[in-house]
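User: I'm new to this structure, and I'd like a close look at one part: the place where two paired strands meet the aromatic rings around them. Could you walk me through that part, and then through the spaces inside the protein?

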Amino acid sequence: MTTKIPKPPGLPLLGNISDVDPSNTWVSLQKLWEKYGDIFKITVLGHDIVFIGNIALCEEVCDEKRFRKFVGGPIVEIRKAVHASLFTAFADEPIWGVHHRILAPNLTPTAAAEHFHEIRDIAAELTAKWRDFGNGATVSVIDELNRLDLETTTQCFFGRRLHGLTGVEHPMIRAMDQATGEAMKRPTRPKLVNWLLHQSRFDKDCNTMRQYAAECLQYRKDNPTDRKDLLHAMMNAKDPETGKAMDETQIIDEMVSMPIGSSTAPCVIASAIYYLLQNTECISKAREEIDSVISDGDLTSEHLDKLPYCAGIVRESLRLSAAAPGFNIEPLPGTKGPVLLGEGKYQVPATQTMIIVLHGVNRDPAVFEEPEKFKPERMVGDAFDRLPEGAKKWFGNGKRVCIGKHYAWIWNVITLVTLLKHVDFEMADPAYELKQDGWFNLRPVGFDVKIKPRRS
C-alpha cells in the first residue's frame, strides 16, 4: 500500500494558490519543503504539481529510461523571447538536436578552457575598478557580478566587448530579470490579465534581449574575424546529422538564451562571498592555497587543478545557494500509470509534472552531515567523489543538462580566485542575514560589502 503524498490544505476551487508567492516562487517552495519534507504536492486551479526534495527521489526521477525534462509553465512563456532554443525546446522538436549538435562541440571542457585568459582578464578589470573606488567603498555584490558575467559571456561567446563594467548598466541585464520574472508569474494569472496589464512590458523586455543579440550578430558581420567561437559555429556550422544550418532567427534565439543561462553564475559567487564572510576561517584556508600555488604571479590555466579547496568552495556554494533552483520532470510518453516512486512508497499519475527543489535535495541529511553548515572540505577529493549523483544536479540532468556547465564552472572558479587573491571584503551591514529571490535563478538580495585591496 502506498503512502499519501503530503500537501498543505487548500482553498475551494483555487487550491494552494495562496501557498506560493508568484513574486518569490522558489522561496515559497523552500518553506513548503521545510514543512512537508522529501516529497509534497500542491494543487493550483485543479492541477497537481509534485515536488521532489531529497537525493534518493531526485536520482530516481532523473533516470532517463523512465523520465524526461518537462517543458511547461514559465519555460513555455520565455519562448516569447527565445522560441525553440536549447533551453526551451519541447522534447519532440527536432530543432533541439540540430542546435545541440552544432553548439555542443564549442562548449566542451576543452573549448571552455580556451576562454581562460578572457575570463581572467575581464575579472581583473573588475578588481581594478574596485581598487579605484578606494578603501571601504560599498558595492552591491550581485549587481557588480551581473555586469561581469554579461561582459565576459558576450566576449567569450560572441567576440564583442560591451564595456559594461562601468557606466550605465547594460539594458540586457534588466530586461533578462524582468522578462524571466514575468515568465514565472504569467502561468499564475488569467490570460486576459496577462494581455491587458502585463503584455506590453513583457514584449518590450523580450525585444530588448533580442536587440542585444541582433547587435552582437551585426557587429560580427561588420567586423569579420578568424575567431572560432560559439557565434562562429552558429553562423557557419552545419548539423552533421541533417546537414541543416541555423538561420538568423535561430542564432538570435540561442544568443539570448546563453546570458539567461549564465546569469546563475553571479548568484553562485555572490552567495560564496556571503558564506565566506560568515565562515572567515574558510577565507584563510582558500588564501593559503592561492598564495601557495600562485604566489605573486598571475593566475594561469595550469593553476586551476591545483586549487581544490577553492573548487570546493564553489561546489559548496552551489549546494547551499541552489543558484539554479530546480528543474521540471515528467514520466516518458506512453508510461502506464500509476508511476511508483521511492521503492513503491508513493505513486503519481503517468502524466504527472514534478519539480525538483534543489534547496531541499542539497540539504538531504541522509547524505550531508550538518547540511546547513558551509563546509567546503566535503566537496573536495574523495569526499566529493563519494557523493551520490543526485547530490550533484546543480546544472540539471541528462541530455537536457545545461550545455554551458563547463564554461560556468571555470568562470566561477576563476572569478572566485581572482576576488580572493586581490580583494578584502567586509559586510556593509554586519547584521545582514541571507535573503534570496529570483526567477530562473536565486540570488542574494540586499547584500552589500565594503571592499578594499587585499593586504599582502
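Analyst: Let's start with the strands. E4 and E12 run antiparallel to each other and are paired over 4 bridges; a pair of strands needs at least two bridges found by DSSP. The names come from DSSP runs numbered from the N terminus, with helices (H or I) of at least four residues and strands (E) of at least two. Across the pairing, Thr 138 faces Lys 450 of E12.

Before going further, a word on what you're looking at. This is a predicted model, so local features need pLDDT of at least 70 and side-chain atom pairs count only at pLDDT 80 or more, while totals for chains, interfaces and linings use all residues. Residues are numbered from 1 along each chain as its sequence is written, and side-chain values use heavy atoms, with hydrogens and water left out.

Back to E4, which covers residues 137–140 and has side chains that alternate. Ala 137 and Val 139 point to one face and are buried, whereas Thr 138 and Ser 140 point to the other face and are not. Here buried means under 20% relative accessible area and exposed means over 50%, with partly exposed in between (1.4 Å probe, protein chains only).

Now to the loop that leads into E12. Gly 446 sits between E11 and E12, and with a relative accessible area of 58% this glycine is exposed. Its C-alpha atom is 8.5 Å from that of Tyr 432, although the two are 14 residues apart along the chain.

That brings us to the rings. In general, you describe two aromatic rings by how far apart their centres are and by the angle of their planes. Rings of Phe, Tyr and Trp (its six-membered ring) pair if their centres lie within 6.5 Å; planes under 30 degrees apart are stacked, over 60 edge-to-face, and the rest tilted. The whole structure holds 12 aromatic pairs. Take Tyr 274 and Tyr 432: their ring centres are 5.8 Å apart and the planes meet at 80°, so this pair is edge-to-face. The two come from distant parts of the chain, 158 residues apart, with Tyr 274 in helix H13 and Tyr 432 in the loop between E9 (423–427) and E10 (436–437). Tyr 274 is buried at 9% relative accessible area, and Tyr 432 also counts as buried, at 9%.

Tyr 432 has another partner as well. Its ring and that of Phe 447 have centres 5.5 Å apart and planes at 20°, so this pair is stacked. Phe 447 lies in the loop between E11 (443–444) and E12 (448–453), so the pair ties together parts that are 15 residues apart in sequence. Both Tyr 432 and Phe 447 are buried. Put the ring pairs together and you get a cluster of Tyr 274, Tyr 275, Phe 374, Tyr 432 and Phe 447.

Elsewhere, charges sit over rings, meaning that NZ of Lys or CZ of Arg is within 6 Å of the ring centre and within 35 degrees of the ring normal. Arg 319 has its charged end over Phe 368, 4.8 Å from the ring centre. Lys 392 does so over Phe 384, at 4.2 Å.

Finally, the spaces inside. On a 1 Å grid over the protein atoms alone, a cavity is a set of points where a 1.4 Å probe fits but cannot get out, a pocket is an open set with protein on both sides within 12 Å along at least five of seven lines, and lining residues have an atom within 4 Å of a point. Points are joined across faces, edges and corners, and a volume is the space filled by probe spheres set on them. There are 2 cavities of 30 Å³ or more. The largest has a volume of about 50 Å³, and its lining includes Thr 264, Trp 394 and Asn 412. H13, the helix that carries Tyr 274, gives the most to that lining, with 3 residues. The second largest cavity has about 30 Å³ of space, and helix H8 (141–158) supplies the largest share of its lining, 3 residues.
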